[in-house]
Amino acid sequence: MAKSPESRMSASERFGRELARHRREAGLSQARLAERLGCSPSLVGHIETGDRNPQIDFAETCDRIFDLSDKQHFVRLCRRISESPFGPQWFLRWVEEIEPQATGLRTWDPLLVPGLLQTEAYARAIFRGHLAMSEREVEKQVSARMQRRLILDREDPPALWVLIDEWVLHRPIGGAAVMQEQAEHLSTVASRRHVTVQLVPHNTPCTEGLMSGFAIAELADAPITVSVESAATGEVSAEPEVVSVIMGRYDRIRTEAYRPAESLDKIKEAVARWTQTT
């Protein structure tokens, strides 16, 4: 049986649809509703289309404005967003609110090809490494990761600067065939005008990035925001002190990196090396 359009909606899209419906029924424009909510009309528009996630105080104010019989209608919808199966709330905030709105992204990964540049097979091999994860959950995670890649195919993609430890291309995630495909994909993406990929030599003395990977997002209408991930937890922050530390760390790592052209040559060498072992 085919699924209804509603059943295919994400929690964010369902919140947005309900907001738009009740706003129209109340005879309010986005601008008038934004005035009562104390936010910008563009934020209301983004939330209605599911492009931005509402915060809990936004939902609480909606419940007061529309005064529905269910006094926590929007709060309940908002909480469903945080109950998404695709990751912890800090990571969901990054992939659903920050990353899609970024005009520029900088990333560093010492262990893996970053998620935005992963192939389906490579991502699947990573998630299958989580032994407690069922095959169904693995496929959900892979699907979500492939969905993230779509921002690079937009008419106005973000500028992307990627730093990857050189050893990432030697690590046999999923086996030789998977690594060959992944290296080929990385080579293709690195050739795009808006993407810069630089490898950091495996023998660099720089230790700034050994503890964790991180990402930096430049936004048109918000402060620079960073995402920092460790083995046990993660954090998304726009606090100036945190952003300053991560920006400085990124710059120091990049001073040790190969130039983009050299990096692309080494990626192509990895393609040839993995091809010979398949």
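This is a chat about a predicted model, going through its annotated domain, a few helices, its salt bridges and its cores.

Reader: Okay, which residues does the "HTH cro/C1-type" domain annotation cover?

Author: In UniProt, an unreviewed entry puts that domain at residues 19–74.

Reader: And how much helix and strand is in residues 19–74?

Author: That span is 64% helix and 0% strand, and its end C-alpha atoms lie 8 Å apart.

Reader: Let's pick a residue there. Where is His-22, and is His-22 buried or exposed?

Author: His-22 is found in helix α1, residues 11–25. With a relative accessibility of 10%, His-22 counts as buried.

Reader: What does His-22 touch?

Author: If you skip neighbours within four places in sequence, His-22 is in contact with Phe-66, Leu-68, His-73 and Phe-74. Its side chain also has a polar contact of 3.3 Å with the side chain of Arg-21.

Reader: Arg-21, okay. Which network of salt bridges is Arg-21 linked in?

Author: Arg-21 is linked with Arg-17, Glu-18 and Glu-25 in a network of salt bridges.

Reader: Why would side chains like that pair up at all?

Author: Side chains of opposite charge can pair when their charged atoms come close.

Reader: How many salt bridges does the count come to?

Author: The count comes to 14 salt bridges. One of them joins the side chains of Asp-67 and Lys-71 at 2.7 Å, N to O, and both of those residues are exposed. Asp-70 forms another with Arg-76, where the closest N and O atoms are 2.8 Å apart. Asp-70 is partly exposed at 31% relative accessible area, and Arg-76 is partly exposed at 38%.

Reader: What about Arg-124, which residue does its side chain meet in a salt bridge?

Author: Glu-139, at 2.8 Å from N to O. Arg-124 sits in helix α7 (residues 120–128) and Glu-139 in helix α8 (residues 135–148), so this pair ties together parts that are 15 residues apart in sequence.

Reader: Are those two buried or exposed?

Author: Arg-124 counts as buried, at 16% relative accessibility, while Glu-139 is partly exposed, at 31%.

Reader: New topic: α10. How many residues does α10 have, and how far does α10 reach?

Author: α10 has 15 residues and reaches 21 Å from its first C-alpha to its last, close to the 21 Å expected.

Reader: Which residues in α10 are buried?

Author: Val-243, Ile-246, Gly-248, Arg-249, Tyr-250 and Ile-253. What covers the buried residues of α10 includes the strands β1, β2, β3, β4, β5 and β6.

Reader: Hang on, an arginine in that list? Why does Arg-249 count as buried?

Author: Arg-249 counts as buried because its relative accessible area is 16%, and buried means under 20%. Not counting residues up to four places away in sequence, Arg-249 touches Glu-208, Met-211 and Phe-214.

Reader: Last bit: which residues touch the most other members in the largest nonpolar core?

Author: That core has 39 residues, and Trp-94, Leu-105, Leu-117, Tyr-122, Leu-160, Ile-164 and Val-197 touch the most other members.

Reader: Which element gives the most to this core?

Author: α9 does, with seven residues. Elements that each supply at least two residues include α6, β1, α7 and α11.

Reader: And what is Leu-117 in contact with?

Author: Leaving aside neighbours within four places in sequence, its contacts include Leu-152, Leu-160, Val-162, Leu-186 and Val-197. Apart from this core lies another, of 19 residues, among them Leu-19, Val-44, Ala-59 and Ile-81.

Note on methods
Residues are numbered from 1 along each chain as its sequence is written. This is a predicted model: local features need pLDDT of at least 70, side-chain atom pairs count only at pLDDT 80 or more; totals for chains, interfaces and linings use all residues. Side-chain values use heavy atoms; hydrogens and water are left out. UniProt positions are given in the numbering used here, feature names are shortened, and annotations may be inferred rather than shown by experiment. Helices (H or I, at least four residues) and strands (E, at least two) are DSSP runs, numbered from the N terminus. Buried means under 20% relative accessible area, exposed over 50%, partly exposed in between (1.4 Å probe, protein chains only). Contact means heavy atoms within 4.5 Å. A polar contact is a pair of N or O atoms within 3.5 Å; within protein, one must be able to donate a hydrogen and the other to accept it, and residues adjacent in sequence count only if both atoms are side-chain atoms. The expected span of a helix is 1.5 Å times one less than its number of residues. A salt bridge is a side-chain nitrogen of Lys or Arg within 4 Å of a carboxyl oxygen of Asp or Glu. A nonpolar core is a set of buried Ala, Val, Leu, Ile, Met, Phe, Trp, Tyr and Cys residues joined through side-chain atoms within 4.5 Å.
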